[in-house]
Protein chains: 2
Amino acid sequence: MLPVAVDAMGGDHAPGEIVRGAILAEESYGIAVTLVGDPERLAGMSNLEIVPSSQVIAMDDDPGVSVRRMKDASMVRAAELVRDGKARAMVGAGNTGATMASALLRMGRIKGLKRPAIAAAIPDLVTDHFTVMLDVGANAECPPSLLLQFARMGAAFARERFGCTRPRVGLLSIGEEASKGDSVVKEAHELLDQRGWQDAVGAEFLGNAEGRDLMGAQFDVIVTDGFTGNVALKGLEGGMSAVTARLGKVFSDTAAGRKAGAALGDQLQALYDQINPDLTGGAMLLGVRGVCMIAHGSSNAVAIASTIRLAAEMADHDIVARLRAAIAD
Amino acid sequence: MLPVAVDAMGGDHAPGEIVRGAILAEESYGIAVTLVGDPERLAGMSNLEIVPSSQVIAMDDDPGVSVRRMKDASMVRAAELVRDGKARAMVGAGNTGATMASALLRMGRIKGLKRPAIAAAIPDLVTDHFTVMLDVGANAECPPSLLLQFARMGAAFARERFGCTRPRVGLLSIGEEASKGDSVVKEAHELLDQRGWQDAVGAEFLGNAEGRDLMGAQFDVIVTDGFTGNVALKGLEGGMSAVTARLGKVFSDTAAGRKAGAALGDQLQALYDQINPDLTGGAMLLGVRGVCMIAHGSSNAVAIASTIRLAAEMADHDIVARLRAAIAD
């Protein structure tokens with residue numbers, strides 16, 4: 001089995017947490033991992049295979065410029081390993097735009113697709129349902145025809161990732177009625193409402209979704225442009241961080257709070273893990289000719305390991321072929 | 001002192017909770033209230049003054065059409081009371097678009113302003129800071145010059161509402177750098193970055209804000225179009241509802257959980273109240289020539305009372321004159 005290529009230099013806690021995550025993935029899930037990065041900095045940290053690279057794209061570097069100029073950057077090399085059939089997937093926690101650009105420029109785009117999208121999975125906290133939202137940041141502006149392509153890919157992804165047999169698709173807007181939203185959304189609604197693509201892809205368009213549906217169980221896929229999706233996703237992450245901090249005060253400020261916190265330790269930890277964006281397995285770049293998973297910059301080893309596992313799983317599902325079929329159908 | 005006009009027929013729990021909220025506002029805060037609605041349905045519910053109206057605009061009626069056709073609708077009559085100097089503010093929990101259209105058509109727009117905006121206040125859960133976000137739904141599409149007007153109004157509102165002496169203003173985007181965002185946001189960034197309006201209004205533009213800043217304390221005002229703002233606000237509300245439901249399970253599923261819940265009763269109630277969107281005092285329509293507060297459709301009596309109090313407070317601050325000055329400066 002081909003290894004998963006991991007950008008060992010990307011992320012707030014690179015390379016330490018990245019390498020520890022890779023070791024954890026190998027030990028816990030039996031997934032072979034190739035680290036890509038500076039051999040001197042990675043020396044002695046693990047027994048994993050290392051593919052050397054001499055450059056690192058920083059978090060605040062311009063994605064397009066840096067990927068074109070830094071041909072020996074770790075994330076560029078990781079993308080090349082996938083392109084060249086030496087790795088089955090790549091995982092990166094570094095500069096999101098540059099990771100995406102590396103994958104797009106080195107692997108290329110699925111035929112017929114206008115632009116790739118980043119898909120994130122948002123947990124419904126009460127059931128075990130996840131809602132796939134895309135795009136969450138690859139494209140600030142999306143014409144209606146691109147939103148339709150996102151719906152096609154999102155449905156295929158929800159099927160492989162979460163086993164939805166007939167994914168329920170929504171279009172993010174500001175009201176349930178088809179008349180709500182800006183001109184792009186109204187036009188996209190008309191396209192999404194056609195039976196043709198729904199039958200071809202095996203999906204069902206339920207109409208407009210609203211912000212409150214993101215953390216819910218009514219939709220399997222919610223489609224939006226990368227501007228709105230990014231703001232909404234980061235908004236939810238910020239909200240969950242705020243709640244976690246606030247609960248921390250409840251369980252530390254008073255003696256009664258500390259006692260209750262101790263009694264509920266496991267249950268609270270489960271809740272914190274559920275709403276901690278570092279632990280939800282990363283987002284996936286849909287539409288390039290290879291598996292590319294994007295982990296949070298703040299990922300710890302556990303988050304990296306779960307992202308590696310998900311990358312391997314999506315490669316096993318031959319997700320690229322599924323997405324290609326969903327676009328072509 | 002003039003009364004606050006309350007649309008007694010609007011909201012999921014109208015007229016019962018609305019009337020109880022009005023009574024509560026009068027008893028708790030000493031604010032005179034005039035109820036507007038069907039005299040037969042309101043008979044015997046309170047000793048408050050009633051201004052009769054024979055029509056009710058439903059939650060799913062088209063705002064523009066219904067306000068033009070239903071001239072005796074309760075929210076239209078409430079707006080007329082403000083226009084005619086018979087009430088110092090109006091409060092409605094009904095159809096948001098129709099409440100807004102009633103205020104706009106009956107009171108008119110502040111001179112020089114292109115379009116009014118709806119401003120919501122989002123709590124930072126750990127400190128007592130609130131961030132004003134606008135627009136949260138009045139205008140799906142906003143050109144850069146309108147976003148600048150929102151920044152001017154938002155700053156004036158944050159000063160009157162929360163006492164910010166020099167409001168820190170951010171532009172909602174998908175990255176901190178000025179180069180991030182769609183074309184409208186990039187152009188708006190350039191406008192907002194000019195010193196002229198900041199000095200005139202007494203505000204400070206800090207640059208782009210991101211989704212995670214909405215529930216934070218770094219900005220006093222975050223400016224965005226009504227599409228993004230609506231999705232982000234409803235996203236946060238949905239997230240807070242999900243967390244509340246999930247916490248409910250922690251404190252009810254096991255004996256240890258129930259015991260801890262009982263021990264922490266007051267603190268948990270305070271947290272729930274803090275993240276319950278029904279209780280945060282409603283949103284304000286900025287830019288019409290009168291005070292118009294929009295409460296959540298699901299508002300209970302407590303939420304209505306706090307919205308009435310806020311409406312009276314904003315009228316006391318002569319907020320319309322402040323907004324007019326902020327636009328003209």
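This tour moves through a predicted model from the pairing of its two chains down to single residues.

**The two chains together**

Begin by displaying chain A and chain B in separate colours and looking at where they meet. On the side of chain A, 45 residues are in contact with 45 residues of chain B. Select α9 (226–250), α10 (255–263) and α11 (265–275) of chain A, since each of these helices supplies at least two residues of the side that touches chain B. The largest share of that side, 19 residues, comes from α9(A). If you colour the residues of this side of chain A by character, they divide into 24 nonpolar, 11 polar and 10 charged.

How many degrees of rotation superpose chain A on chain B? A rotation of 180 degrees does so, with 0.0 Å of shift along its axis and an RMSD of 0.0 Å, and that is the relation of a two-fold axis. The interface residues of chain A are, to 100%, also interface residues in chain B, so the copies meet through the same surface.

**The two domains of chain A**

Next, hide chain B and colour chain A by domain. Domain 1 is made of two segments, 1–113 and 287–317, while domain 2 covers 117–278. The C-alpha centres of domain 1 and domain 2 of chain A lie 25 Å apart. Where the domains meet, 12 residues of domain 1 of chain A are in contact with 9 residues of domain 2 of chain A. To find the domain 1 side of this boundary, select α5 (96–107) and α12 (301–316) of chain A, the elements that give two or more residues to it. The residues of that side divide into 5 nonpolar, 7 polar and no charged.

**The nonpolar core**

Bring chain B back and select Ala89 and Ile308 in each chain. The largest nonpolar core has 241 residues, and those with the most contacts inside it are Ala89(A), Ile308(A), Ala89(B) and Ile308(B). Centre the view on Ala89(B) and look for its partners, leaving aside residues up to four places away in sequence: Ala89(B) touches Val4(B), Val82(B), Val291(B), Met293(B), Ala311(B), Ala312(B), Met314(B) and Ala315(B).

**Strand β2 of chain A and the helix residue beside Val36**

Return to chain A and select strand β2, residues 33–37. Is this strand enclosed or open? Of its 5 residues, 5 are buried, so β2(A) is largely enclosed by the rest of the structure. Showing the side chains separates the strand into two faces, with Val33(A), Leu35(A) and Gly37(A) pointing one way and Thr34(A) and Val36(A) the other way. Add strand β1, residues 4–7 of chain A, which runs parallel to β2(A) and is joined to β2(A) by 4 bridges. Within this pairing, Asp7(A) stands opposite Val36(A).

Now keep Val36(A) in view and select Arg77(A), which is found in helix α4 (residues 74–83) of chain A. Arg77(A) and Val36(A) are 41 residues apart in sequence, and in space they are 7.1 Å apart, C-alpha to C-alpha. Why does Arg77(A) count as buried? Arg77(A) has 23 C-beta neighbours inside 10 Å, and a residue is buried if 20 or more other C-beta atoms lie within that distance. Apart from residues up to four places away in sequence, Arg77(A) touches Val36(A), Val51(A), Ser53(A) and Asp72(A).

**Backbone features to inspect**

The last stops concern backbone angles. Most residues other than glycine have a negative phi, and most peptide bonds are trans.

Select Ala14(B) and Pro15(B), which are joined by a cis peptide bond with omega of about -5 degrees. Pro15(B) has its place in the loop between β1 (4–7) and α1 (16–29) of chain B. Then go to Leu134(B) and Asp135(B), where the peptide bond is also cis, with omega near 5 degrees. Asp135(B) is found in the loop between β6 (130–134) and α6 (144–162) of chain B.

Finish with Asp318 in each chain. Asp318(A), in the loop between α12 and α13 (319–328) of chain A, has a phi near 50 degrees, a positive value in a residue other than glycine. Asp318(A) counts as partly exposed, with 13 C-beta neighbours inside 10 Å. In chain B, phi of Asp318(B) is near 55 degrees, again positive, and the residue lies in the loop between α12 (301–316) and α13 (319–328). Asp318(B) is likewise partly exposed, with 13 other C-beta atoms within 10 Å.

How values were computed. Residues numbered from 1 in each chain as written. Chains lettered and ligands numbered in written order. Predicted model: local features only at pLDDT ≥ 70, side-chain atom pairs only at ≥ 80, totals over all residues. Core = buried A, V, L, I, M, F, W, Y, C linked by C-beta atoms within 7 Å. Buried ≥ 20, exposed ≤ 12 C-beta atoms within 10 Å, placed from the backbone. Contact = placed C-beta atoms within 7 Å. Nonpolar A, V, L, I, M, F, W, Y, C, P; charged D, E, K, R; others polar. Least-squares fit on C-alpha atoms with pLDDT ≥ 70 in both. Domains from an automatic or database assignment. Pairing = 2+ DSSP bridges.
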